[in-house]
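Colleague: Before I rely on the labels attached to this model, I would like to hear the reasoning behind some of them. Could you take me through it, setting each value against its definition?

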Amino acid sequence: MKRMEIAPGVHLSWDPAQKFNRCRVSIHFALPAKRETATAHALLPLVMERGYADCPDMTQLTKKLARLYGADLTVDARPMGANHNLCVSVTGIKDQFALEGEPLTREYAELALGTAFHPYFVGETFAPDAVNIEKQMLKKALEDEVNEKRLYCQRQANREFFGDSPAGVRQEGYLEEVEGLTARQLTDAYYEMLRAASIELIVLGCGEAQTEAVKNALLEELSQVERAPAALAENMAMPRREPLYKTETFDTTQAKLCMLFTLGQPMQPRQLAAVRLAMALYGGSVTSRLFLNVRERDHLCYYCSSSFQSFTGSMAVNSGVEHADAARAEKAVLKELADLCDGPITDEELEDCRRSLLSGMTGLEDTLGGIETWYYMEVLRGGPIQSPDEARAALCAVTKEDVRAILRALTLSVSYCLTREEGSTHA
Amino acid sequence: MPEKQSVLEQTAADQWKVLPSGLTVIVRPMPGYSGTHVIYATRFGSIDRDFRLDDKEVHLPAGVAHFLEHKMFEDQDGDAFAKFAKTGANANAFTAFDRTCYLFTATEQLDESLDVLLEMVGKPYFTQQTIDKEQGIIGQEIKMYDDSADWRLITGLCECLYHSHPIRSDIAGTCESIATITPGMLYDCCKAFYAPNNMVLAAAGNTTMEQILAACERNGLMEPRPAERVQRLWRDEPMTLAAKEKTIRMPVAKPCFGLGFKEEPLPSGDLRSEMLYDLILCCICGGMSKLYRRLYDEGLTNPGFGGEVLRVDGCCCILFTGESDAPDAVRQLLLDEIARVRAEGVDREIFTLCKNEKYGQLIENLENVEDSASQMADFALAGQTVAQQITTLAGLKAEDADAALQQILREERMATMYIQPDGTAVLPEDDGEEEEA
């Protein structure tokens with residue numbers, strides 16, 4: 001992947017990725033999340049994805065994509081710690097597969113740029129009709145989150161964990177604010193994004209001339225915008241605290257448990273290799289302690305896994321357990337962590353985990369999504385951008401003590417349980 | 001367009017071989033890729049409950065195929081996951097209504113990973129003790145799915161549509177049904193359905209046919225095997241419904257609903273009709289349809305509302321699922337649209353565009369090693385290739401859809417499933433986070 005700055009706060013990342021059948025053009029806008037505009041930024045992708053100035057109608061846009069052999073246009077917003085990221089992407093089959101010789105790649109670029117820079121406005125704002133319909137969709141999505149208990153449990157735990165910190169801004173929107181949101185406010189949020197965001201244009205699977213054309217078209221669009229890129233929020237970590245134990249009652253068949261831990265201070269990019277191995281060893285793989293001991297040996301749950309978020313220096317352990325076993329599972333999760341911190345770690349388990357991670361890293365450039373995710377996360381994390389090969393080398397150098405240092409720094413902040421049995425859930 | 005044909009043929013090309021043991025091997029070498037994805041699949045799924053093996057009739061409780069999948073990872077030497085850990089391969093498995101698949105992705109030590117896979121499936125080992133041990137974990141898995149509204153809609157609709165077909169039962173069974181599983185049952189299943197002539201080995205990525213065949217040779221799959229005399233036993237299934245309607249209550253925020261249409265079973269290997277039904281659904285309620293737009297704009301369903309074809313031996317049904325505050329209104333709109341399209345014919349433009357999308361999907365699925373091997377295995381289990389699928393797709397005409405619509409999606413064979421909120425699900429207050437490591 002080659003990367004270059006093409007304007008202040010604007011970068012191009014490019015990989016010809018010839019082996020793939022498809023190509024992909026994506027434009028990422030990253031900016032610090034703000035509480036006051038969170039709901040508008042949550043609604044923005046829904047309205048932008050419906051259509052743009054040259055193709056305002058949602059059904060016609062779907063037909064246009066079908067004409068391009070089912071090309072995928074996605075406008076996707078997601079939290080990246082205390083930053084907000086909106087990505088407009090178009091992915092489709094390469095020109096060589098077009099049955100009528102259509103110039104598909106050119107159309108993908110036009111679609112991505114049109115969606116990002118020429119939304120459908122009526123007068124000076126997003127079309128009010130479209131805004132109203134998508135407001136209902138956003139409301140529905142926010143109301144429905146409770147249907148997915150595992151995700152819901154994790155999100156409820158996050159709310160307790162992050163509180164009022166910048167990473168606690170609910171970037172998927174605040175239900176109570178959706179109804180009152182106006183087309184004007186949405187338009188203001190859009191212009192704020194164009195003005196303040198760091199922009200990453202990622203072009204995968206296109207030739208040099210095609211990439212150059214996309215780059216120039218982007219610069220042409222940006223020449224019409226008064227840009228003032230804002231610095232992105234740096235990696236953070238929640239301070240340590242006395243653990244908070246919360247229980248919420250649902251009449252489910254299985255209880256859900258989410259435990260959140262903090263590193264206490266922001267993760268440094270140089271720690272990432274040790275973090276990866278620590279997660280694989282603790283709960284991120286089928287050779288991890290949580291999988292082998294809590295699930296396989298103790299049969300306490302169907303799933304019990306850990307994951308780490310580098311932007312916020314936090315670790316989540318998620319588990320699906322018998323209602324009556326929730327307290328035992330919670331205790332077992334803590335015991336496995338303590339055992340790794342203070343007990344023996346065998347060479348065999350460490351190398352099994354390392355081997356699995358190395359293998360995964362070798363294969364991640366086998367997909368367009370793998371390439372884009374890897375490099376863009378490297379960009380957002382700050383510090384020098386590591387290629388997968390460099391990350392493999394760093395992983396090979398990680399010692400048991402490096403792993404222990406990471407795990408010892410993690411302390412429990414929140415334990416959240418969804419269960420039908422009140423009062424007996426926490427250890 | 002000969003040049004285009006050549007690009008397509010090259011991209012969709014895979015190498016087939018049927019070994020003396022009866023095993024079908026399919027390989028797609030993918031130059032430039034680091035990883036290889038391998039799938040070892042048997043035509044044995046949750047619906048295979050009753051069969052005759054030689055002279056013995058076997059009747060299984062629900063959930064045996066899935067249980068067997070779990071137990072296959074364990075042998076006398078220990079756990080296959082531990083062996084895969086030594087090769088760095090990422091292994092997994094899944095059970096569907098009509099198949100069980102064991103798979104891994106490897107970037108190094110492919111030969112060693114192939115040996116682990118072929119040996120673990122080729123040399124099963126079960127005891128009552130190890131079976132008892134597994135019941136706890138699978139019980140947890142069953143309970144996890146019990147809390148999924150989407151899954152409950154599918155299983156609920158199947159219970160309404162079918163009187164006796166085993167599709168009525170959950171793939172994983174119930175805690176009660178799996179409690180009756182014995183080692184003898186599992187060995188019978190292996191003998192009947194894990195014979196090489198009932199299986200497919202598909203590999204895509206950084207490998208060659210020679211490498212895969214060498215692994216088969218090492219694991220005794222080049223030797224002829226006596227064909228097992230297996231006969232699946234089916235109970236009669238009339239075209240009537242077992243129930244017109246079913247309602248359950250769950251902790252969901254909004255009501256969910258499903259509509260199921262019972263169709264005539266398709267002959268084995270008839271992927272053409274299945275593809276045609278998919279195109280018809282795309283015309284009736286896909287993203288380009290008038291109905292979808294109306295439901296969307298009026299907020300009558302969630303954006304994910306849509307139809308799918310569920311088809312296995314002895315069973316074919318079309319299921320629509322979604323969320324709505326007004327499920328009966330959505331049902332009526334759908335029935336009206338089906339009637340209109342049946343009378344007027346499918347929209348020619350939309351039909352052609354749906355074919356375009358399917359073509360793009362087939363090309364996309366050839367792009368990464370996982371999708372590529374999965375697609376090859378799926379089609380091979382039905383005796384087809386990807387290239388044949390592309391040809392079949394090209395040959396489908398709007399008139400075929402019009403004709404099929406005279407037979408399918410009939411209201412008299414429709415069942416409705418409702419999931420009502422039980423009142424315990426409060427509206428969420430939420431934040432979302434990306435997981436990285």
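Modeller: Let me begin with a definition: the expected span of a helix is 1.5 Å times one less than its number of residues. Please keep in mind that this is a predicted model.

Colleague: How do you know that the end-to-end distance of α13(B) agrees with that rule?

Modeller: The helix α13(B) has 17 residues, for which the rule gives a span of 24 Å, and because its end C-alpha atoms lie 24 Å apart, the two values agree.

Colleague: What makes α13(B) largely enclosed by the rest of the structure?

Modeller: A residue is buried if 20 or more other C-beta atoms lie within 10 Å of its own. In α13(B), 13 of the 17 residues are buried, so the helix is largely enclosed by the rest of the structure.

Colleague: Which element gives the most to the side of chain B that touches chain A?

Modeller: That is α13(B) again, with nine residues. The contact as a whole takes 67 residues from chain B and 74 residues from chain A, where a contact requires C-beta atoms within 7 Å. By class, the side of chain B that touches chain A has 26 nonpolar, 19 polar and 22 charged residues.

Colleague: Why are β5 and β11 of chain B said to stand at the edges?

Modeller: Two strands pair if at least two bridges are found between them. The open sheet has three strands in the order β5-β4-β11 (chain B), with antiparallel pairing. Because β5 (56–59) and β11 (230–232) of chain B each have a single partner strand, one side of each is left without a neighbour in the sheet.

Colleague: How do you know that β4 and β11 of chain B pair?

Modeller: The threshold is at least two bridges, and β4(B), residues 50–53, is joined to β11(B) over three bridges in the antiparallel sense, with B:F51 standing opposite B:R232. Helix α8 (residues 183–193) of chain B packs on this sheet, touching β4, β5 and β11 of chain B, and its direction makes about 70° with that of β4(B).

Colleague: What joins β8 to β9 in chain B?

Modeller: Six bridges join β8(B), residues 90–95, to β9(B), and the strands run antiparallel; set against the threshold of at least two bridges, the six bridges count as a pairing. In this pairing B:N90 stands opposite B:T105, and the two strands form a hairpin with four residues between them.

Conventions: Residues numbered from 1 in each chain as written. Chains lettered and ligands numbered in written order. Predicted model: local features only at pLDDT ≥ 70, side-chain atom pairs only at ≥ 80, totals over all residues. Contact = placed C-beta atoms within 7 Å. Nonpolar A, V, L, I, M, F, W, Y, C, P; charged D, E, K, R; others polar. Buried ≥ 20, exposed ≤ 12 C-beta atoms within 10 Å, placed from the backbone. Axes fitted to C-alpha atoms, helices over the stretch in contact; angles between N-to-C directions.
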